[in-house]
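Please open the structure in a viewer and keep the sequence at hand. The tour below proposes selections one after another and describes what is found at each.

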Amino acid sequence: MSTGILDLLMPALGQTVYMVVVSMLIATILGVPLGVLLHTTAKGQILEAPALNKCVGAVVNAIRSIPFIILMVAIIPLTRLLVGTAIGTTAAMVPLVIAAVPFIGRLIETSLKEVPYGLVEAAEAMGATPCQIIWWVLLPEARASIVAQLTTVVINLVGESAMAGAIGGGGLGDLAIRYGYQRFRPDVMIATVVVLIILVQLVQFAGNHLAQHLDKK
């Protein structure tokens, strides 16, 4: 790989990592409570509220059904309102977070469903409150699955961050389009794909290792 290509790749890789890490942190902070809400308000659960569950679930499903490229364009006014611009890596994080939050919510809900309900009943019998059950039973018991699910989200964000480059979001996607495609540089395109593959492999390896470490089974 030539020095010229490396000079292009390194800043773009930094922008991609910045987008993914910050977006993932914000989306996790919002998405995990959403997943807990979806699970605990379902029928037969500790905070049973079917009407609320259906309303929240409908909103989550509606956002998840919007293709990411359309979502990016549709919320440009919101992006400008929040960060002052619709172009650049910081602007790209707004649609990345909005797309990731409902995705994380559903995945966390799935992980919590794997926790045996007998553990919840035992905690209730001991006088635990719903908050205590969530904090000391559900989340700890599902932590390995949650890490595996969040790893999937990170990989998904890597792909979506590359897509964000199509509308000036910066990062590896922007590099591949502006230098690889528009300037007829297949070497840049190939290098970008290789870097994305390596990045995804590293994320998957780290996620699998952490999930196995946390799995008590």
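Does Ile 29 count as buried or exposed? Select Ile 29: because its relative accessibility is 63%, this residue counts as exposed. Here buried means under 20% relative accessible area, exposed over 50%, and partly exposed in between (1.4 Å probe, protein chains only).

Before proceeding, please note that this is a predicted model, in which local features need pLDDT of at least 70 and side-chain atom pairs count only at pLDDT 80 or more, while totals for chains, interfaces and linings use all residues. Residues are numbered from 1 along each chain as its sequence is written, and side-chain values use heavy atoms, with hydrogens and water left out.

**The first helix**

Ile 29 is found in helix H1, so the next selection is residues 3-40, which make up H1; helices (H or I, at least four residues) and strands (E, at least two) are DSSP runs, numbered from the N terminus. H1 has 38 residues and reaches 54 Å from its first C-alpha to its last, close to the 56 Å expected at 1.5 Å a residue; the expected span is 1.5 Å times one less than the number of residues.

Now centre the view on Thr 28, where H1 has a kink of about 30 degrees. This bend is the angle between axes fitted to the seven residues ending there and the seven starting there.

Add Val 17, Val 21, Leu 25, Ile 26 and Leu 30 to Ile 29: together they form a nonpolar surface patch with about 540 Å² of accessible area. Patches consist of residues with over 30% relative accessible area and no salt bridge, nonpolar side chains (Val, Leu, Ile, Met, Phe, Trp, Tyr) being joined within 5 Å and like charges within 9 Å.

**A charged network**

Move to helix H5, residues 89-113. The side chains of Glu 109 and Arg 106 meet in a salt bridge at 2.8 Å, N to O; the term denotes a side-chain nitrogen of Lys or Arg within 4 Å of a carboxyl oxygen of Asp or Glu. Both residues, Glu 109 and Arg 106, are buried.

Next select Lys 113, whose side chain forms a salt bridge with Glu 109 at 3.8 Å, N to O. Lys 113 is exposed, with a relative accessible area of 57%. Salt bridges that share partners join Arg 106, Glu 109 and Lys 113 into one network.

**The whole chain**

Finally, display the full protein chain, which has 10 helices and 0 strands. Its C-alpha trace spans about 65 × 40 × 25 Å along the principal axes. Of its 217 residues, 44% count as buried.

Key: Accessible areas come from the Shrake-Rupley method with a 1.4 Å probe; for residues, only the protein chains shown count as cover.
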